[in-house]
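Q: Please take one part of this structure and examine it closely. I should like to understand how a single helix is placed among its surroundings.

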Amino acid sequence: SGMNGALCKIIGKFDEKEQRYPVYVYETKETVLIKRSNLNIVKTQKKKGKIKGDGKLNVIYDMETGDPDDLFAILFLISHPNVNLRAITIVPGTPSQVGAVKNVLFNKLKLPQGSIPIGSANPNH
């Protein structure tokens, strides 16, 4: 769901007394109560039968700078046995930032080209 543009997840039943849903806001890592009118559904999933999956945490990693700690975080996520690194977003996403990440992933680590989507504010990088 989306709440005022922030991505969030409804984590409980509608609270009749408060007239709000409990939601987890990913950006702030807070659990808050939100009015129904302030939520916009952005994706729904219907599952039938047994829930199947590999039990891994799906992660989209957002980098803000070209600091070495960002690269170490990516390496940690790639190597962690309980994590699926689904994509990397880079802000502001300068050509050198995007190039450095692509170089490490696809040249140094020899991951298949495009196996981890990389996005930035400028899609031409």
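A: The following account begins with the chain and then turns to helix α1. The model is a predicted one. Its chain contains 2 helices and 8 strands, and from the N terminus the order of these elements is β-β-β-β-β-β-α-β-α-β. Of the 125 residues in the chain, 26% are buried. Among contacts with a separation of 6 or more, 48% join residues that lie 24 or more positions apart. The accessible surface of the chain is about 9200 Å², and carbon and sulfur atoms account for 53% of that surface.

Helix α1 covers residues 68–79. Its length can be checked by simple reasoning: 12 residues at 1.5 Å a residue should span 16 Å, and the C-alpha atoms at the two ends are 17 Å apart, so the expected and computed values agree.

The next matter is which residues of the helix are covered. Asp70, Ile74 and Leu77 are buried in α1. These residues occupy an arc of only 65° around the axis, and therefore they lie on the same side of α1. The face turned away from this buried side carries Pro68, Phe72 and Ser79, which are exposed.

The buried residues of α1 also show what the helix packs against. Their partners are strand β6 (57–63), strand β7 (83–90) and the other helix, α2 (95–108). In summary, α1 has a buried side that packs against β6, β7 and α2, while exposed residues are found on the face turned away from that side.

Notes. Residues are numbered from 1 along each chain as its sequence is written. This is a predicted model: local features need pLDDT of at least 70, side-chain atom pairs count only at pLDDT 80 or more; totals for chains, interfaces and linings use all residues. Side-chain values use heavy atoms; hydrogens and water are left out. Helices (H or I, at least four residues) and strands (E, at least two) are DSSP runs, numbered from the N terminus. Buried means under 20% relative accessible area, exposed over 50%, partly exposed in between (1.4 Å probe, protein chains only). Contact means heavy atoms within 4.5 Å. Accessible areas come from the Shrake-Rupley method with a 1.4 Å probe; for residues, only the protein chains shown count as cover. The expected span of a helix is 1.5 Å times one less than its number of residues. The arc is that of the directions from the helix axis to the C-beta atoms.
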